[in-house]
Amino acid sequence: MDWKTFQALLSGVNKYSTAFGRVWLSVVFVFRVMVYVVAAERVWGDEQKDFDCNTKQPGCANVCYDHFFPISHIRLWALQLIFVTCPSFMVVMHVAYRDDRERKHRAKHGENAEHLYTNTGKKHGGLWWTYLISLFVKTGIEVSFLYILHRVYDSFYLPRLVKCEVSPCPNQVDCYIGHPTEKKVFTYFMVGASALCIILNICEIIYLIAKRIARIANKLKRRNRNVAVHHEDYNDDPFNNFNPPVSRRDIKEKPPSFKSAYKIPYGPSLLKHEVKIRASAPNLSTSK
C-alpha cells in the first residue's frame with residue numbers, strides 16, 4: 001500500500017477541518033499510520049510461520065491458525081484506516097464541487113459578477129451537513145471495527161497459548177503464538193488510538209452543533225434587538241412621525257386621536273362648497 005499517496009490525499013482535508021479535526025488527523029498519521037508502517041508490520045510479519053503446535057499432523061497447524069486468527073490484526077487495521085479516512089474525502093469533493101460551480105458562474109456572467117459563495121471552504125449550508133455526516137460515518141466505522149476485533153478474537157487480549165481441537169488434529173493440541181507480549185502491546189495501543197479518535201469525533205460533533213445553535217441564537221437576538229430599537233424610536237419621537245402599519249379593522253375600532261379630530265380638511269369638496277356659497281350671496285354693491 002502506498003501510504004505517501006494516502007497521506008497526500010488526506011493533507012487536503014486539513015485546511016477544511018476544525019481544531020478537533022486537525023488533532024484527529026495528527027493522531028491518525030502519527031499514532032496509527034506511522035506505528036502501523038514502521039513497527040506493527042514488522043512485529044506481525046509472517047504470523048503463520050511463528051504459530052507453532054506440538055504435533056506433526058499435516059494440516060493441523062494451518063487449521064488451528066485459521067480457527068483462532070480468521071483475519072490478521074495487521075490486515076484488519078489496514079482496512080480500518082482506509083475506511084475511516086474515506087468519509088473525509090466527502091468534504092474535499094463537496095468543496096471541489098463548489099469551486100466548479102463558482103468557476104462556471106464566472107465564465108457565464110463575467111469576472112465582475114456576484115459570487116455564489118464568499119468562501120467555498122467555509123462550513124455553511126450543505127458543506128456543514130456534509131462535514132457533520134462524515135463525522136458520524138467515521139465514528140460508526142471506528143466503533144464497528146472495534147466490535148469486529150473484539151468479536152473475532154473474543155477480547156483484545158492475546159494469549160501465549162491456545163488449545164485446539166479442530167479436525168484433522170488427532171486430539172487437543174497446544175499451539176504457541178509468536179511474540180505474544182509484543183503483539184499484545186501493539187493491539188492495546190491501536191485500540192487506544194482508535195478510542196481516542198472516537199472521542200475526538202464526538203467532541204467535534206458537539207462543537208459543530210453547539211456553534212450552529214449559538215449562531216442561530218445570535219441571529220434571533222439581533223432580530224429582536226432591531227424590533228426593540230424601532231419601537232423605542234416610535235416612543236421617543238415627540239411629533240409621532242413614526243407610523244407603524246395598522247390594519248383597517250384596528251383603524252375602525254380605534255377612537256379618533258386629537259390630530260384627526262381637529263384636523264382641517266383642505267380638500268376639493270370644501271372648495272366647491274365655498275364657491276357655491278359665494279355664488280348664492282347677493283351683490284349689494286350695484287346700484288339701480
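Biologist: Is Ile148 buried, partly exposed or exposed, and at what relative accessibility?

Modeller: Ile148 has 36% relative accessibility, so it counts as partly exposed. The reasoning needs two cut-offs: buried means under 20% relative accessible area and exposed means over 50%. Keep in mind as we go that this is a predicted model. Ile148 lies in helix H7.

Biologist: How far is Ile148 from Leu76, in sequence and in space?

Modeller: The two are 72 residues apart in sequence, and their C-alpha atoms are 9.2 Å apart in space. Leu76 is one of the buried residues of H5.

Biologist: Let's step back for a moment. How many helices and strands does the protein chain have?

Modeller: The secondary structure comes to 11 helices and three strands. Along the sequence, the pattern reads α-α-α-β-α-α-α-α-β-β-α-α-α-α. The protein chain has 288 residues, and 32% of them count as buried.

Biologist: Now to helix H5. What span should its 13 residues have, and what is the distance between its end C-alpha atoms?

Modeller: The idea is to take 1.5 Å a residue, multiplied by one less than the number of residues. For H5, residues 73-85, this gives an expected span of 18 Å, and the end C-alpha atoms are 18 Å apart, so the two agree.

Biologist: Which residues of H5 are buried?

Modeller: They are His73, Ile74, Leu76, Trp77, Ala78, Gln80, Leu81, Val84 and Thr85. A general point helps when you look at such a list. An α-helix has 3.6 residues a turn, so residues three or four places apart point the same way.

Biologist: On to charged side chains. How many salt bridges are there?

Modeller: To call a salt bridge, look for a side-chain nitrogen of Lys or Arg within 4 Å of a carboxyl oxygen of Asp or Glu. By that rule, the count is four salt bridges. One of them pairs Arg32 with Glu142, whose closest N and O atoms are 2.7 Å apart. This pair links distant parts of the chain, since Arg32 is in helix H2 (residues 19-44) and Glu142 is in helix H7 (residues 126-152), 110 residues apart.

Biologist: Are Arg32 and Glu142 buried or exposed?

Modeller: Arg32 counts as buried because its relative accessibility is 2%. Glu142 has 0% relative accessibility, so Glu142 counts as buried too.

Biologist: Where do Lys163 and Asp174 lie, and what do their side chains form?

Modeller: Their side chains meet in a salt bridge, with 3.0 Å from N to O. Lys163 lies in strand S2 (residues 161-164) and Asp174 in strand S3 (residues 173-176), so the pair ties together parts that are 11 residues apart in sequence. Lys163 counts as partly exposed because its relative accessibility is 46%. Elsewhere, salt bridges that share partners join Asp100, Arg103 and Lys104 into one network.

Biologist: How far apart are Arg103 and Asp100 within that network?

Modeller: Arg103 forms a salt bridge with Asp100, and their closest N and O atoms are 2.5 Å apart. In helix H6 (residues 88-109) they are three residues apart, so about one helical turn separates them. Asp100 counts as partly exposed, because its relative accessibility is 26%.

Biologist: Let's move to the surface. Which residues form the nonpolar patch, and which the positive one?

Modeller: Met90, Trp129, Ile133 and Val137 make a nonpolar patch of about 360 Å². H7 gives the largest share of the nonpolar patch, three residues. Val137 is found in helix H7, and Val137 is partly exposed with a relative accessible area of 34%. The positive patch is formed by Lys219, Lys221, Arg222, Arg223 and Arg225. Arg225 has its place in helix H8 (residues 180-236).

Biologist: Last topic, the backbone. Where is the cis peptide bond?

Modeller: The cis bond joins Ser167 and Pro168, with omega about 15°. Pro168 lies in the loop between S2 and S3.

Biologist: And what is the phi of Asp154 and of His179?

Modeller: Asp154 is not a glycine, yet its phi is positive, about 70°. Asp154 is found in the loop between H7 and S2 and counts as exposed, because its relative accessibility is 63%. His179 is not a glycine either, and has a positive phi of about 50°. His179 lies in the loop between S3 and H8; at 44% relative accessibility, His179 counts as partly exposed.

Note on methods:
Residues are numbered from 1 along each chain as its sequence is written. This is a predicted model: local features need pLDDT of at least 70, side-chain atom pairs count only at pLDDT 80 or more; totals for chains, interfaces and linings use all residues. Side-chain values use heavy atoms; hydrogens and water are left out. Helices (H or I, at least four residues) and strands (E, at least two) are DSSP runs, numbered from the N terminus. Buried means under 20% relative accessible area, exposed over 50%, partly exposed in between (1.4 Å probe, protein chains only). Patches are made of residues with over 30% relative accessible area and no salt bridge: like charges are joined within 9 Å, nonpolar side chains (Val, Leu, Ile, Met, Phe, Trp, Tyr) within 5 Å. Accessible areas come from the Shrake-Rupley method with a 1.4 Å probe; for residues, only the protein chains shown count as cover. Lys and Arg count as positive and Asp and Glu as negative; His and the chain ends are not counted. The place of a charge is taken as NZ of Lys, CZ of Arg, CG of Asp or CD of Glu.
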